[in-house]
Amino acid sequence: MSEELEQLLSQLTQPDNAVIQQVTAQLKQAFKDPAVVPALCAVMTGSQSPQVRQSAAVVLRMRVKKHWKKISPDHRERFLKAMVLQAFQQETEHAVRHSLAQLSAVMVKHETPDQWPALLSLLNQSTKSNDPQDRQVGLLLLSKVVESNPEPFEPHYQQLLQLFGTVLQDLENPTALYYCMHTLTAIIAFTGSGELNLMRSLIPRIIVALKHLIKADEDQASECMEVFDELMETEVTIIVPYIAEIVHFCLEVSGDAALSSSLRVKALSCIASLIRLKSKVVLKQKLLNPILQAVFPILSAAPPPGHEDPEDDEDDSDEDSESPKHVAGQVGMPLIQACLASENPYERKGGLMCMAVLAEGCADHIRTKMLSSMLQTVCQSLSDSNQVVRSAGLFALGQFSEHLQPEVSKYHAELMPLLLGYMSSLYQAKMLHVTKAFYALENFLENLDENIQPYLPTLMETMLSALSNSDNLRLKELTVSAIGAIANAAKEMLVPYFPPVIESLKGFLTDTKDEMRALQIQALDTLSVLARTVGKDIFRPLAAECVQLGLNLSDVVDDPDLRRCTFSLFSAVSTVSPECLTPHLTAITTTMLMSLKSTEGVMAHLNEDKQFVLLDDDEDEEEGTGDIVLEGESEEDGPDVAGFSVENAYIDEKEDACDALGELAFNIGVAFQPFLESSFEQVYALHDFPHEDVRKSAFAAMGQFCRAQHKVWQENPCEANHQGLHKLLGVVLPCFLEAVRQERERQVVMAVLEAMNGVIKSCQGEALQTPGRLTEICHAIRDVLKKKTVCQDGDADDEDDEQEAEYDAMLQEFAGEGIPLLASAVPAETFLPYLNDLLPLIMNKAKSSCTVADRSFSVGTIGETLHSLVGVAGGRGVAGRLSNRLLPVLVAGVKDSDAEVRNNSVYALGTLAEAAGPIVASDYPTMLSLFSNLLSKESDRRVIDNLCAALCRMILSNVAGVPLEQVFPVLVAQLPLKEDLEENKTVYRCLVFLYSHSPVLVVSHLKTIVFASSHVLGTKDIDGETQNAMLVLLQSMSQHHPQEFEAAMMSLPVEERTRITSAFSQS
């Protein structure tokens, strides 16, 4: 049989498709005979042709990978395991050896190394051989088998690391160095504390080995530099003692213009990661200056004669490619000034590029210390004589606008005229320059809000002109995107420009030519923004047409980005006019569910053997006779597959489909019920999807489904809806709790906590009816606050890892937000034992030694929890019992140096008085004295507003405890509120109460009260209920005290007086 197989395999190398297909059919027939395995082994060891030997190894590997269980134990031991090693030892051709090593690697996935002692023996013997060629071959085999399945080799890691220590000194054998570093990279993630010191001792040798490998093969050296990436990701403490050596090596590589761009980028990325992870160590070891000294020549190097930098090149369409110059920017100020003063435009550009990137890396420092001077520099660059410099200035301004908010928005009077000047010359400039101008404009608009008003006419005139007068599709795409940013800031102010904008967008969305795709995607995005911003009454007449436009496009065009944008559009329309989506829900949900199920965009990267793809087709195998796929190994996975990647567009599509389904379910309500179960099943299936952004969206949507079902049950309170709610909660909440405990990514856990908080806030006690559920949720919150969850179990030494510390703080804030939500969902006595457990963890963060963010979070959480107790059964008694523990913390907070901490502490004291009432009457004098001292020196308006609200809460809760004659005049003198306008509700509720309790006192300050009321009546600063209460109060005073009221009215300016009289006439 082996002769027949040899002949077949030799024909496979012929460049004739018909022959290959015929041979493949014959090979499939041969596979039905169990003797095929020994026969192929004979060919693999005995054929005279290297191509045939290699083909035999590849075919065997495919057989082993998919049908290991069908190969008899005798064939496995006597032929496969024995003969692959025999073939490997006698083989002289590298390509064949490579295939034999890959065959061995697949077998190691089924047979652990300890079940194959001959393999261990061969590895031991060959890797320690005196013959450099033998060592090289042994290391090839070792790298393949270990990479395929690193964990079973754990008992041998110490031995392997000792071997690597020796191999890394074999500097004349670069191939051996390459395989050695590959194997080392594969095991890093699995090493334990026992191997740390051995691993650490290899770092200096790795650096020397890489220097030699660079001379021999730059591509291989670039691959091997991933050893540093793996160490930084997995066990950054190993490299801390050698950070200086690694940085100097990477600077040497990145500064050598003779080396390949990919290798230099790798070196610069390594430095950027070290700075991100270990910035304190980099600064402590005085590495910043050498880094900047090395990085500036890269940033400011002029391109070769006749070329342009990629970012200045009109024709360069690959926006994502990274050049050394691009990455160098990611790596201070002393050298920037010198660059900016240079005669050489590329050095001026280098200085601006570095400033741009510093805005991202040193945002806090720049915001507080250097913003004004840096903005001045950027403004000057925008009028530079050289366009390369102007373009870099626009990029820097865009970076500033993105990373230095909200402070940068305060400079709108200086910056907006410059940007508008640029916008007026859109048609003359190079397209890439225009792109940067739009980038700067969009980022700058993000936090502008109502401050956009003076610039809106010029902005919209420019945008509408670009839409109607330009034929350039890229310019139109940028313009449509900018209109979305303008709408986000302007909201209802955009209404006068709405009709022409809509006409343009509709025109783009009905043209199905391929070149329109990018513009259509942007038009859908902007349409979604408009639906959410211009106001329901304005957008509602267009809602049905927009839905139809979205449906038509997704029918005609197969593009993940376009589908994603239609999903967002349907979501936005559901906030304005949910009823116009109802007739199309079958079509909409079908498309969304297909996006969730789809594996499109997941690509396996093949190493070789494309000619054997036909052999993978098993349609003639009986169903159910294939092997069970090993855990962690998909059907396609294995050594022929170098790895998987998922195109970002398909990830985004799944994310947006999840988000849209959640929002549609909530906004549409009853009409969505027939689609809820199928939507939930598909979304739930993604809660363990490999990509973290998809997991985040899946968890968020699951929360939305629960909230949607709760809303349906409240609107239609029947038993079926109630059971539907508890069925959902019974799956979703345990899933959330498991994720909080076990999920590795902090940002996913944040999303889970946010979703769980949303469910508790909406469903209240319904979410906590299952026995033990309240306990489980409180324990999850406690574990996050104690940093005991898997995602907080970082091995990096925390004091250096600022990014991790920031994420931890955010994570704890999300957990802390759950405490007041639980407090408002169950009777106070039920929650008290849990509160007693959680409060110490919160109060610990109020210590003066903690960060401002921690102190603010601590007193803020206490305040919100006390506010929750106001509205639940038994709340007053529980608040009274907690007061002695809480008062010292809150009193200290009122004296804090930070305004936000003072603000939250004042609010918390007010809510303590409101919740506990007369129980804390004895503490009123202390609180009033504290507030009096604070008011005499406080300059922050938000703190003053909260102080007014706290006094009102004290009055409402226990009027007898407040000396009104002294307190009331001080209170009304601070009105109207300036910053915390939500507290208007509390203040005017108190005024209404006092008018019934002490009318004479209130009337004696009528002028001040009328003046304050004239500033808020008929505005968005108060809700409808408060507005009505105010009007009743003012009308009552005008009837019972007409003279005083008339005098107060006459003291007002005409505009304010008119506001009150028109409010009277409308009521």
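Colleague: Helices (H or I, at least four residues) and strands (E, at least two) are DSSP runs numbered from the N terminus, so which helix is Arg-53 found in?

Modeller: Arg-53 is found in helix H4, which covers residues 50-67. Keep in mind that this is a predicted model, where local features need pLDDT of at least 70, side-chain atom pairs count only at pLDDT 80 or more, and totals for chains, interfaces and linings use all residues. Residues are numbered from 1 along each chain as its sequence is written, and side-chain values use heavy atoms, with hydrogens and water left out.

Colleague: Thanks! Is Arg-53 buried or exposed?

Modeller: Arg-53 counts as buried because its relative accessibility is 10%. Buried means under 20% relative accessible area, exposed means over 50%, and partly exposed is in between (1.4 Å probe, protein chains only).

Colleague: What is Arg-53 in contact with, leaving aside its neighbours within four places in sequence?

Modeller: Among its contacts (heavy atoms within 4.5 Å) are Val-43, Met-44, Glu-91 and Val-96. The Arg-53 side chain also reaches the backbone oxygen of Gln-48 at 3.4 Å. That is a polar contact: a pair of N or O atoms within 3.5 Å, where within protein one must be able to donate a hydrogen and the other to accept it, and residues adjacent in sequence count only if both atoms are side-chain atoms.

Colleague: And which side chain meets Arg-53 in a salt bridge?

Modeller: That would be Glu-91, at 2.8 Å from N to O. The pair ties together parts that are 38 residues apart in sequence, because Glu-91 lies in the loop between helix H5 (73-90) and helix H6 (94-110) while Arg-53 lies in helix H4. Like Arg-53, Glu-91 is buried. For a salt bridge, a side-chain nitrogen of Lys or Arg has to be within 4 Å of a carboxyl oxygen of Asp or Glu.

Colleague: How many salt bridges does that rule give?

Modeller: The count comes to 36. One of them joins the side chains of Arg-695 and Glu-743, again at 2.8 Å from N to O. Arg-695 is in helix H34 (residues 692-715), and Glu-743 is 48 residues away, in the loop between helix H35 (719-742) and helix H36 (746-763). Both Arg-695 and Glu-743 are buried.

Colleague: What about Arg-855, which residue does it form a salt bridge with?

Modeller: Its partner is Asp-896, with the closest N and O atoms 2.8 Å apart. Salt bridges that share partners also join Glu-914, Arg-953, Glu-983 and Arg-989 into one network.

Colleague: Changing topic, what does the secondary structure of the protein come to?

Modeller: There are 51 helices and two strands. Of the 1067 residues, 55% count as buried.

Colleague: Let's pick one helix, H27. What covers its buried residues?

Modeller: The cover includes helices H25 (456-469), H26 (473-490), H28 (517-533) and H29 (536-556). The buried residues of H27 include Phe-498, Val-501, Ile-502 and Leu-505.

Colleague: Last one: what is the mean pLDDT of the protein?

Modeller: The mean is 86, and 88% of the residues reach 70 or more; pLDDT is the predictor's confidence in each residue, from 0 to 100. Over residues 603-645 the pLDDT stays under 50, and the model has 84 contacts beyond four places in sequence for them. Residues 795-800 also have pLDDT below 50, with 14 contacts in the model beyond near neighbours in sequence.
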